[in-house]
Amino acid sequence: MEFDVIVIGAGPGGYPAAIKAAQLGAKTAIIEREWLGGTCLNCGCIPTKTLIAGAEVYQQILHAERFGISVGKPTIDYPAMKTRKDGVVKELQNGIGALLKAHSVTLFEGTGSFRDANTVAVQSNDGSTVELTGKSIVIATGSTSTVPGFIPKYERIVESRAFLELEKLPESLLVLGGGYIGCELACMAAGLGVKVTIVELLADVLMLLDKDVRQVVKKKMKAELGMTLLTGAAMENIQANDSGVTATAGDQSLEADMLLVAIGRSPVTDGLNLAAAGVAVSDRGYIEVDELSRTNVPHIYCIGDVSGRMQLAHAATSQAIYAVEHAVKGDEKIEEVVIPGVIFTAPEVALVGLTETEAKQAGLKTNVGKFYFRGLGKAMASNETEGFAKIIADASTDRIIGAQCAGPHATDLISEMVIAVREELTAEELGNTVHAHPTFAEVWMEAAHALHKSCIHAPPAR
Ligand code: FAD
């Protein structure tokens, strides 16, 4: 069977690539071996956020007296929460299937494997094989949890995918890894009453953030969610048996019902037979690409997690659009580089552009403006006052080069700053932009004013 574009993998990189190619008039096939939506929909972004939404409702009810509402102690029906999560995933999966069909993309269920640089064989689960040839091929096979060999194999030791399939949460949980996946799942579990300890080898959790931003999250993790954070410590001597998991971190002995391993992701290239197509991979196993998402074989593109760039769903989708526009139309637009990061901890965190630390390391002179949510009427009204937003601007041009936010709705609020950084707005332009009142988004306007020491809703800076 002959196609203009063949896409391997139907995650948030692959399925938008296929739809975009079809929209541009290309005869398109997509190959998926497990599930439409990939990691993001089935064992990543969506299931985590569905369960986190449940944990937030539970916390709201627990603290309803702050709004003058008395309720009895709520109880958690975790199997029902998981059923809701599975339902959300299923509905979205069906939506992707319908979209592919509506765009006349041909879906092949099975494992895609190169025969040569233009031919991909699809081995379906029933053992049958079909060969497809394509003028352009997009590899979007994603990533999987890294679980190093020193970690014993035992059902009480899980990575994120298995954790999201649990029918019952443990009473206590050790989390190995204080990156965003470990911290999000830790906050979700702690929000539902699990006793959580995070162990992180680096000096702090969420090291991609500036120190003041990390402090906001850590404070809530410890004070409100009762979590223990052990940083700068390696988890060692991990053992599991029928009654629990034990380990050490420095001179501390640890014990819990379960261990969640969240120490990173590895590229998925097994079964692809990349050698047959002559596609090169890096020492770490990622497929190497140029700024147009092309591999070393010019008509074979690679997008998303398996390309080793920013491992985020929206980054994969953006790369998909640009790669396919190049493949089908020959457009030479360089892909987007302003990619926001969002972390659904309690409270949420988001960032875009350079952090203060990175700007300093790059030798840039900066001005920083910061505004605390407690200074906003909307935050007070909603009883969501923790945290702040900060804007980092180039001192010589006033151009906004980065922003971070830790606080309510941070993951939604960051979009305004993505536009600001991408469009090279100055802090003055942002500060002059009228923001509706009372809203959480006013935090950016106030932070821009603070940067110029002209904040109406803060005392004069000393
Ligand atoms: P994937 O989503 O991994 O999809 C790859 C697909 O390819 C899979 O369906 C796989 O079955 C298929 N495949 C692999 N090999 C073959 C083959 N040979 N033939 C056919 N099919 C094949 N990102 C965010 O932006 N926001 C978040 O909040 C967020 N939360 C996350 C939470 C967790 C717990 C995890 C694990 C990840 C999270 N991510 C989040 C990251 C996000 O899920 C990934 O960046 C994203 O899914 C990558 O998309 P992708 O298309 O590159 O690959």
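A residue is counted as near the ligand if one of its heavy atoms lies within 4 Å of it. The model in the viewer is predicted.

**The shell.** Begin by selecting the ligand together with its surroundings. By this criterion, 39 residues surround the ligand, and the closest are Glu32, Thr39, Lys49, Asp305 and Ala313. Colour the selection by residue class: the shell comprises 16 nonpolar, 17 polar and 6 charged residues.

**Polar contacts.** Next, display Asp305, where a polar side-chain atom lies 2.8 Å from an oxygen atom of the ligand. Move to His314: an N or O atom in the side chain of His314 is 3.3 Å from an oxygen atom of the ligand. At Gly112, show the backbone, since a backbone N or O atom of this residue lies 2.9 Å from a nitrogen atom of the ligand. With the protein surface switched on, note that the ligand has 1000 Å² of accessible area on its own, of which the protein covers 97%.

**Secondary structure.** Switch to a ribbon view and select β2 (28–32), α2 (38–43), α3 (45–62), β4 (111–116), α6 (180–191) and α9 (313–329), the elements that give two or more residues to the shell. Among these, α2 supplies the largest share, 4 residues.

**Domains.** Finally, colour the chain by its division into domain 1 (2–145 + 266–329), domain 2 (157–263) and domain 3 (347–451). Between which domains does the ligand lie? Domain 1 and domain 2 both give residues to the shell, so the ligand lies between them. To place domain 3, select its C-alpha atoms and those of domain 1; the two centres lie 31 Å apart.

Conventions: Residues numbered from 1 in each chain as written. Predicted model: local features only at pLDDT ≥ 70, side-chain atom pairs only at ≥ 80, totals over all residues. Heavy atoms only, no water. Polar contact = N/O pair within 3.5 Å; in protein donor to acceptor, adjacent residues only side chain to side chain. Areas by Shrake-Rupley, 256 points an atom, 1.4 Å probe, with all protein chains shown as cover. Nonpolar A, V, L, I, M, F, W, Y, C, P; charged D, E, K, R; others polar. Domains from an automatic or database assignment.
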